[in-house]
Amino acid sequence: MRPRQDPYSTLPAVPPFRLRSEDIADGESLGVAQTSAIFGGPGQDRSPHLVWDGHPAGTASFAVTCFDPDALTVSGFWHWALYDLPASVTELPAGAGDTGGSMLPPGAGTLLNDAGRRGYLGAAPPPGEAPHRYMFVVHALDVPTLEVAPDATPAWLGFRLVAHALGRARLSPVFGLPESF
């Protein structure tokens, strides 16, 4: 079995703030809506509802990411990378990660995820693996825009997030499929 490290534990420490959801919870299994249909599963590829508060004073914008550190790659798997959310936005409705970005405020950007899709991609671990962790993180940032090109990668966004982080809020649900799926 592979070691299950927390990739955020190696980043510079920043204060935590509170993240809640009507759809997901720490350590709980994702519902069908947050899993993927693209890879042959029963999912809906619908991003979860997220709401946050208690972020640090001076927050000028937010970014929201979803990362699977347990994917069978050397780099994990980015499911969602949303950036340049205005500081006045502290809630995203379920489905805000749709590929058209229709529920996002003006100026917010979404990068391609690791499946080459611009929006949220639901969980789709290989059948029979131990459940994967899906790290939904809201990043409070000290700049109103990260000046990230729309063709940048989520890894590049990650560099910008570390450079401008004031705080981080996290929820890490899990999901796995039985061997006989």
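**Figure 1. L19 and its bridge partner across β1 and β2.** In this predicted model, L19 has W52 of β2 as its bridge partner. That pair belongs to a junction where three bridges join β1 to β2, a strand covering residues 50-53. The two strands run antiparallel. It is a good place to begin, since the next view follows these strands into their sheet.

**Figure 2. The open sheet β1-β2-β5.** Which strands make up this open sheet, and in what order? Three of them do, arranged as β1-β2-β5 with antiparallel pairing. The edges are formed by β1, residues 18-20, and by β5, residues 91-92. Each of these edge strands pairs on one side only. As a reminder, strands of a sheet pair through backbone hydrogen bonds, in either a parallel or an antiparallel sense.

**Figure 3. Strand β4 and its two partners.** Here we turn to β4, which spans residues 77-86. Nine of its ten residues are buried, so the rest of the structure largely encloses this strand. Strand β3, residues 61-68, pairs with β4 over seven bridges in the antiparallel sense. Look for C66, whose bridge partner in β4 is W80. β4 is also joined to β6 by two bridges, again with the strands running antiparallel. In that pairing, L82 has T110 of β6 as its bridge partner.

**Figure 4. G119, tucked into the loop between β6 and β7.** G119 sits in the loop that links β6 (109-110) with β7 (132-133). Is this glycine buried or exposed? G119 counts as buried because its relative accessibility is 0%. Setting aside neighbours within four places in sequence, G119 is in contact with H79, W80, G97, D98, T99, T110, L111 and N113. One of these, T99, is worth finding: 20 residues separate T99 and G119 in sequence, yet their C-alpha atoms are 4.5 Å apart in space. W80 and T110 in this list of contacts may look familiar from the previous view, where W80 is the bridge partner of C66 and T110 that of L82.

**Figure 5. N113 reaching to the backbone of G119.** N113 lies in the loop between β6 and β7, as G119 does. Its side chain reaches the backbone oxygen of G119 at 2.9 Å. N113 is buried, with a relative accessible area of 4%, which falls under the 20% cut-off for that label. Leaving out neighbours within four places in sequence, the residues in contact with N113 are W78, H79, W80, G119, Y120 and L121. H79 and W80 feature here and also among the contacts of G119.

**Figure 6. Stepping back to the chain as a whole.** One helix and ten strands make up the secondary structure. Along the sequence they follow the pattern β-β-β-β-β-β-β-β-α-β-β. The C-alpha trace spans about 50 × 35 × 30 Å along its principal axes. How does the radius of gyration sit beside that of a compact globule? The chain has 15 Å, in agreement with the value near 16 Å for a compact globule of 181 residues. Buried residues account for 48% of the 181 residues. Of the contacts between residues at least 6 apart in sequence, 75% join residues at least 24 apart. The accessible surface comes to about 8,400 Å², and carbon and sulfur atoms contribute 57% of it.

Terms used: Residues are numbered from 1 along each chain as its sequence is written. This is a predicted model: local features need pLDDT of at least 70, side-chain atom pairs count only at pLDDT 80 or more; totals for chains, interfaces and linings use all residues. Side-chain values use heavy atoms; hydrogens and water are left out. Two strands pair if DSSP finds at least two bridges between them. Helices (H or I, at least four residues) and strands (E, at least two) are DSSP runs, numbered from the N terminus. Buried means under 20% relative accessible area, exposed over 50%, partly exposed in between (1.4 Å probe, protein chains only). Contact means heavy atoms within 4.5 Å. A polar contact is a pair of N or O atoms within 3.5 Å; within protein, one must be able to donate a hydrogen and the other to accept it, and residues adjacent in sequence count only if both atoms are side-chain atoms. The radius of gyration is taken over C-alpha atoms; the globule rule is 2.2 Å times the number of residues to the power 0.38. Accessible areas come from the Shrake-Rupley method with a 1.4 Å probe; for residues, only the protein chains shown count as cover.
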